[in-house]
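Work through these exercises with the model open beside you. Try each task before reading its solution.

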Amino acid sequence: MRKILASLLVLLLTVSLAACGDSSKGDKKASSTGSDKFVIVWYPNESGKDLKGARDAIGKIFEKATGKKVEHKLTTDYAIAIETIANGKANAAFMGAEGYIQARDKSKNVEPLVVPSGPSGTKDDAKYNSWFAVTPENMSKYEESKGKYSLDKFEGQRMSFVSPSSTSGFKVPSSILVKHFKEKDKYKDLKDTDLSEGGGLFKEVLFGDSHQGSAVNLLAGRADIAAFCDTCVANYVELKSGDDNKAGAIYKVKQGAEAPFTQYAGKEFGLLSSTPVLNAPFVVNKETMSEDEINKIKKELMSDAIANDKTIFLPEDSKESGLFKKKGKERFVEVDDKWFDEIRNLGK
C-alpha cells in the first residue's frame, strides 16, 4: 500500500512540475505572433509623466501595424531596458545607439528599424547633441580664450554622467575625455571604464540614471560638470543667451517645468561643448514577432502620414512635451546595424 501511495505521489509531483515548466516557457517572451499584446520598453529619459502623450502616440502606430494592444514598460535604469529587449520580454524599444549595441551584443535577435531623420529628411544629419555643462558662474574657470573652453580643468572635479549604457551621456563624452587626457603621461593608460568612478581623473563620479537626472545633479550642486543631451532636456529648459547648441550658450529651467526640474525653475547652466551624436533608433526583438509584423511596423513608421502627424513630430514652436520636433523635413528613416559602427568603434 505504501509503495502504491509513494508511486502516486511521485506521479503527481512529476505532472505538477511539468505543468509549471510549460508555463514558465510560455511566459519567457513578451509575445508571439499569436499574442494580443505588444510590449514597448522605454529608457528612464522617456518614462516621465510629461511624455505619456508622446508614448501613447507612438503606441498607436505599433497598434495599427500589428493589431495588438500596446503595453508600455517604463524603467528607471538603462540596464533594465537593455536586458528587457535583449531577452525578449519586450517586442520593441526606443534606445540610444550605445544601448542598442549592448542589447545586440546580448542577442542578435535585436535589430534596428528606423531613426528620426535630421531636418533634411535623411540619415545624413540624423543627429542630436551631447553636452558638457557647468553653472554659468563657473564657466570662466574652463575658458582658455573667449568662447573656447578647455578640458584640462576637468581634472579633479566632481563629474556627473547619465549611465554607463548611455551614448551621449557616457560613451561619447568619455571617449572625448580619454582621447584628450591620454596625451598626458599621467593618463597614458586611461580607459573609458576608468571614468566610471572617482579617485582617478575625477574627484567624484555620479550617475544621474537619466539625462534629466544628470542635469539635476549639476543644478543641485552635487556635481561641478555634467554630461547630458540636448533633446532629453529640451522640454524643460529654454535658451537664455548665446547660440543654441554652441559652446557658451546659457540655458535656464522653464517656469512650471515638470519633475525632476520642478524645484529648479529659473536655475541656469552653460555649455562648454556640444558634440553631434547619431540619433536613437526604434528597435525590435525579431524572435517575438513575425517578419510580416516587422515589415508592417517599419512601413507604418516610415509613412508620409506619420511624418506629417503633429502628435509625433511636434511643430517647432509647440509648447507641448514630445520626443520629436519638426524643424524641417523630419521623418523616420530606415537604418541597419552597420550604421551604428561609428559609435561601436569609439575608443578602439
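Contact here means heavy atoms within 4.5 Å. Helices and strands are DSSP runs, numbered from the N terminus. The model is a predicted one.

**Exercise 1. Describe helix 9: find its buried residues, say how they are arranged, and list what covers them.**

Step 1. Locate the helix. Helix 9 spans residues 291-301.

Step 2. Pick out the buried residues. They are E293, I294, I297, K298, E300 and L301.

Step 3. Look down the axis of helix 9. The buried residues fall within an arc of 165 degrees, so they line one face of the helix.

Step 4. Find the cover. It includes strand 1, helix 2 (52-66) and strand 4 (110-116). Strand 14 (282-285), helix 10 (304-307) and strand 17 (332-334) also belong to it.

**Exercise 2. Give an overview of the protein: its secondary structure, its buried share and its surface.**

Step 1. Count the elements. There are eleven helices and 17 strands.

Step 2. Turn to burial. The protein has 348 residues, and buried ones make up 49% of them.

Step 3. Take the surface. The accessible surface comes to about 17,100 Å². Carbon and sulfur atoms account for 50% of that area.

Step 4. Consider the contacts with a separation of 6 or more. Of these, 71% are between residues 24 or more positions apart.

**Exercise 3. Identify the largest nonpolar core and follow one of its residues outward.**

Step 1. Take the size. The largest nonpolar core has 50 residues.

Step 2. Name the residues with the most contacts inside this core. They are I85, M95, F228, F261, F269 and F340.

Step 3. Ask which element gives the largest share. Helix 3 (residues 78-86) does, with five residues.

Step 4. Follow I85. Leave aside its neighbours within four places in sequence. I85 then contacts V41, A90, N91, A92, A93 and M95, among others. Its partners also include A103, V110, V283, V284 and N285.

Step 5. Look for a separate core. Another one, of 28 residues, lies apart from the largest. I58, A92, L301 and F332 are among its members.

**Exercise 4. Is S166 buried or exposed, and which residues does S166 contact?**

Step 1. Place the residue. S166 sits in the loop between strand 8 (158-161) and helix 6 (167-181).

Step 2. Read its accessibility. The relative accessible area of S166 is 1%. Buried means under 20%, so S166 is buried.

Step 3. List the contacts, leaving aside neighbours within four places in sequence. S166 touches Y78, E98, K171 and H211.

**Exercise 5. Show how strand 2 is connected to strand 1, using K73 and E71.**

Step 1. Start with K73, which is in strand 2 (residues 69-73). K73 is partly exposed, at 35% relative accessible area.

Step 2. Find its contacts beyond four places in sequence. These are V39, I40, V41, W42 and T84.

Step 3. Check one distance. K73 and V39 are 34 residues apart along the chain, yet their C-alpha atoms are separated by 6.8 Å.

Step 4. Move to E71. The side chains of E71 and K37 form a salt bridge (3.7 Å, N to O). E71 lies in strand 2 and K37 in strand 1 (residues 37-42), so the pair ties together parts that are 34 residues apart in sequence.

Step 5. Compare exposure. E71 is partly exposed at 37% relative accessibility. K37 is partly exposed at 32%.

**Exercise 6. Survey the salt bridges: give their number, two further pairs and a network.**

Step 1. Recall the principle. Side chains of opposite charge can pair when their charged atoms come close.

Step 2. Give the total. The protein has 20 salt bridges.

Step 3. Take E83 and K106, which meet at 3.3 Å, N to O. E83 is in helix 3 and K106 in helix 4 (residues 97-106), 23 residues apart. E83 is partly exposed at 36% relative accessibility, whereas K106 is exposed at 51%.

Step 4. Take D152 and K184, also a salt bridge at 3.3 Å, N to O. D152 is in the loop between strand 7 (148-149) and strand 8. K184 is in the loop between helix 6 and strand 9 (204-207). D152 is partly exposed at 34%. K184 is partly exposed at 34%.

Step 5. Find the network. Salt bridges link R104, D337, K338, D341 and R344.

Notes. Residues are numbered from 1 along each chain as its sequence is written. This is a predicted model: local features need pLDDT of at least 70, side-chain atom pairs count only at pLDDT 80 or more; totals for chains, interfaces and linings use all residues. Side-chain values use heavy atoms; hydrogens and water are left out. A nonpolar core is a set of buried Ala, Val, Leu, Ile, Met, Phe, Trp, Tyr and Cys residues joined through side-chain atoms within 4.5 Å. Buried means under 20% relative accessible area, exposed over 50%, partly exposed in between (1.4 Å probe, protein chains only). Helices (H or I, at least four residues) and strands (E, at least two) are DSSP runs, numbered from the N terminus. Accessible areas come from the Shrake-Rupley method with a 1.4 Å probe; for residues, only the protein chains shown count as cover. A salt bridge is a side-chain nitrogen of Lys or Arg within 4 Å of a carboxyl oxygen of Asp or Glu. The arc is that of the directions from the helix axis to the C-beta atoms.
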